[in-house]
Amino acid sequence: MQLSLGTRIISRGRVSTPETRAAGTLRARTKRAADREPSRAAARRWIATHPEQHREKRRTWRYANPVKRLLQTAKDRAKSRGQEFSITEADLTPLPTHCPVLGTELQYGGTRGKDLRAKDKWALASIDRRDNAFGYVPGNVFIISLRANMLKSDGTPAEHRAVANWTENTNGTS
C-alpha cells in the first residue's frame with residue numbers, strides 16, 4: 001500500500017522523496033549498464049552458433065520495419081561523414097509507393113540486391129538529400145529509388161541535362 005503526502009511517497013514503511021528516487025534511478029541505470037555487457041556477449045555467442053537463424057531474423061525485421069531500416073542506415077552514413085542527423089519517422093511517412101523521379105514502383109526492406117526477395121535492386125527505396133551540403137535534416141530528405149539516387153549521386157544539373165540531350169539526340173546510337 002502506498003500513501004502519498006505531497007512530494008513524499010510512503011510505501012512498505014519507507015519514505016520516498018525526489019532525492020531518494022533519483023538515487024534509486026541512478027543505481028538502476030548503473031546496474032543495467034553493468035548487466036548490458038554479459039547480455040551482449042550472450043547475444044554474440046548465439047549469433048555465432050546460429051548464423052542462418054540470425055540472418056533470417058534480420059531479413060524479417062527489415063521487411064517489417066522499412067522506415068526504421070532507412071533511418072538507421074542514414075544515421076550510420078551521417079555519423080561516418082560527420083553530418084547532422086535529425087530526421088524522424090514522421091519526416092519520412094507516409095511512404096511513397098512510386099519513385100518521384102523515375103515513376104517506378106518502390107520496394108522496401110531489401111539490401112541492394114543481396115536479398116533474393118528483392119525483384120529489382122534498383123527499385124529499392126533510398127533516402128536522398130536534396131542538398132548534399134546539409135545533413136539528414138527535415139525538408140532536405142526524400143525517398144526515391146536507388147536507381148534515381150545513383151544517377152544523381154555526383155552529377156550537376158548541367159551535366160544531367162547534357163547527358164539527357166545527348167541521349168535524345170543520338171537515340172541510343174554512338
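## Leu 92 and the nonpolar core

Leu 92 makes contact with Val 67, Leu 71, Ile 127, Val 141 and Ile 143, leaving out residues up to four places away in sequence. This is a predicted model.

The largest nonpolar core has 17 residues. Leu 92, Ile 127, Tyr 136 and Ile 143 touch the most other members. Helix α3 (66–81) and strands β4 and β5 each supply at least two residues of this core. The most come from α3, which gives five.

## Strand β4 and its partner

Strand β4 covers residues 125–129. The strand is mostly covered, and five of its five residues are buried. In a regular strand the side chains alternate between the two faces of the sheet. In β4, Ala 125, Ile 127 and Arg 129 point one way. Ser 126 and Asp 128 point the other way. Residues on both sides are buried.

The pairing partner is strand β5, residues 141–145. The two strands run in the antiparallel sense and share five bridges. One bridge links Ala 125 to Ser 145 of β5.

## Arg 129, a buried charge

Arg 129 sits in strand β4. Arg 129 is buried, yet has no salt bridge. Which side chain of opposite charge is nearest? It is Asp 128, 6.5 Å away. A salt bridge needs a nitrogen-to-oxygen separation within 4 Å, so the pair does not qualify.

Arg 129 does have a polar contact: its side chain meets that of Gln 83 at 3.2 Å. Beyond its neighbours within four places in sequence, Arg 129 is in contact with a set of residues that includes Arg 81, Phe 134, Gly 135 and Tyr 136. Asn 140, Val 141 and Lys 152 are also among them.

## Tyr 108 in the loop

Tyr 108 lies in the loop between α4 (89–92) and β4. Is Tyr 108 buried or exposed? Its relative accessible area is 19%, so Tyr 108 counts as buried, the cut-off being under 20%.

Tyr 108 touches Tyr 63, Pro 66, Leu 70, Leu 95, Pro 96, Ala 125 and Ile 143, again without residues up to four places away in sequence. Take Leu 70: 38 residues separate it from Tyr 108 in sequence, while their C-alpha atoms are 9.0 Å apart in space. With Pro 96 there is a polar link. A polar atom of the Tyr 108 side chain lies 2.5 Å from the backbone oxygen of Pro 96.

How values were computed:
Residues are numbered from 1 along each chain as its sequence is written. This is a predicted model: local features need pLDDT of at least 70, side-chain atom pairs count only at pLDDT 80 or more; totals for chains, interfaces and linings use all residues. Side-chain values use heavy atoms; hydrogens and water are left out. Buried means under 20% relative accessible area, exposed over 50%, partly exposed in between (1.4 Å probe, protein chains only). Helices (H or I, at least four residues) and strands (E, at least two) are DSSP runs, numbered from the N terminus. Two strands pair if DSSP finds at least two bridges between them. Lys and Arg count as positive and Asp and Glu as negative; His and the chain ends are not counted. A polar contact is a pair of N or O atoms within 3.5 Å; within protein, one must be able to donate a hydrogen and the other to accept it, and residues adjacent in sequence count only if both atoms are side-chain atoms. Contact means heavy atoms within 4.5 Å. A nonpolar core is a set of buried Ala, Val, Leu, Ile, Met, Phe, Trp, Tyr and Cys residues joined through side-chain atoms within 4.5 Å.
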